Amino acid sequence: MTSPTAATTDSEGRLSPSRFRQVAGHFATGVTVLTTGYPGELLGTTVNSFVTVSTDPLLVLVSLVTDGRARTSVGNAGNFVVNILGADQAEAARRFARNDRSSGVAAFADLRWRPAPNSGAPILLDGIGYFECRVTEAVPAGDHTLYIAAVRDFDLLSDAEPLLFVRSRLTRC
């Protein structure tokens, strides 16, 4: 095993978070919008830290920043929908990445959506597909909270090309 190089450490010899992000940014991820809702509140946030965990039972995992509104909303609601975005949905990804425009009915006003059958959280109808989920476990992990969730409903809405995030840019396959 090798030790970290000077390029991966800061001036005090600690592993560099900014270099970590730079290196990790070379790994392409899919782009999703996580939506949730509870009485009187709708929220969407762009998430690229989504993974399927198990097929028996059906489980997924999302990672949300601990001090963010999405984590609070998911914690309050206990459920969410992961909407998989298509390559032509970069503007929706940008919209829900901005905290000032990501919550309330107005954030969804010009989007085609319907409430999920079990939770009422928004399903974005122009996406590729969705997973409606119920939180089963929340695990603190550094500056994020990992949510493991049981899938309650899912569907494929389109066979469009997916939207990807790599090197700090939204792109196509």
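**Exercise 1. The largest core**

Of the 15 residues in the largest nonpolar core, which touch the most other members?

Solution. The structure is a predicted model.

Step 1. List the residues that touch the most other members of this core: they are L34, V62, L64, V74, F80, C133 and Y147.

Step 2. Place the core on the chain. Two or more of its residues come from each of these elements: the strands β3 (41-47), β5 (58-65), β6 (79-84), β9 (129-141) and β10 (144-156), and the helix α2 (69-77).

Step 3. Set this core against a second one. Another core, of eleven residues, lies apart from it, and V33, A90, F96 and L163 are among its members.

Step 4. Add the general background. Nonpolar side chains tend to be buried together in soluble globular proteins.

**Exercise 2. Two members of the core**

State where L34 lies, and find which residues L34 and V74 touch beyond four places in sequence.

Solution.

Step 1. L34 belongs to strand β2, which covers residues 32-38.

Step 2. The relative accessible area of L34 is 0%, and buried means under 20%, so L34 is buried.

Step 3. With neighbours within four places in sequence left aside, L34 is in contact with L43, G44, T45, V47, V62, L64, V74, F80 and V81.

Step 4. For V74, residues up to four places away are again not counted, and the residues touched are L34, T36, L64, N79, F80, V135 and Y147.

Step 5. Consider a separation in space as well. L34 and L124 are 90 residues apart along the chain, and their C-alpha atoms are separated by 9.8 Å.

**Exercise 3. Aromatic pairs**

How many aromatic pairs are there, and which residues form one aromatic cluster with F131?

Solution.

Step 1. The count of aromatic pairs comes to four.

Step 2. One of them joins F50 and F131, with 5.6 Å centre to centre and 35° between the planes, and the pair is tilted. F50 sits in strand β4 (residues 50-55) and F131 in strand β9, so this pair ties together parts that are 81 residues apart in sequence.

Step 3. F131 also pairs with F154, at 6.2 Å centre to centre and 25° between the planes, and this pair is stacked. F131 is in strand β9 and F154 in strand β10, so parts that are 23 residues apart in sequence are tied together by the pair.

Step 4. F50, F131 and F154 therefore form one aromatic cluster.

Step 5. F131 has a relative accessibility of 18%, so F131 counts as buried, the limit being under 20%.

**Exercise 4. Backbone geometry**

Which residues does a cis peptide bond join, and where do R167 and S168 lie?

Solution.

Step 1. Start from the general background. Most peptide bonds are trans, and most residues other than glycine have a negative phi.

Step 2. The bond between D56 and P57 is cis, with omega about 0°. P57 is in the loop between β4 and β5.

Step 3. R167 has a positive phi, near 55°, and S168 has a positive phi, near 65°.

Step 4. R167 is found in the loop between β11 (164-166) and β12 (169-171), and S168 lies in the loop between β11 and β12.

Step 5. R167 counts as partly exposed at 49% relative accessibility, whereas S168 is exposed, with a relative accessible area of 63%.

Terms used:
Residues are numbered from 1 along each chain as its sequence is written. This is a predicted model: local features need pLDDT of at least 70, side-chain atom pairs count only at pLDDT 80 or more; totals for chains, interfaces and linings use all residues. Side-chain values use heavy atoms; hydrogens and water are left out. A nonpolar core is a set of buried Ala, Val, Leu, Ile, Met, Phe, Trp, Tyr and Cys residues joined through side-chain atoms within 4.5 Å. Buried means under 20% relative accessible area, exposed over 50%, partly exposed in between (1.4 Å probe, protein chains only). Helices (H or I, at least four residues) and strands (E, at least two) are DSSP runs, numbered from the N terminus. Contact means heavy atoms within 4.5 Å. Rings of Phe, Tyr and Trp (its six-membered ring) pair if their centres lie within 6.5 Å; planes under 30 degrees apart count as stacked, over 60 as edge-to-face and the rest as tilted.
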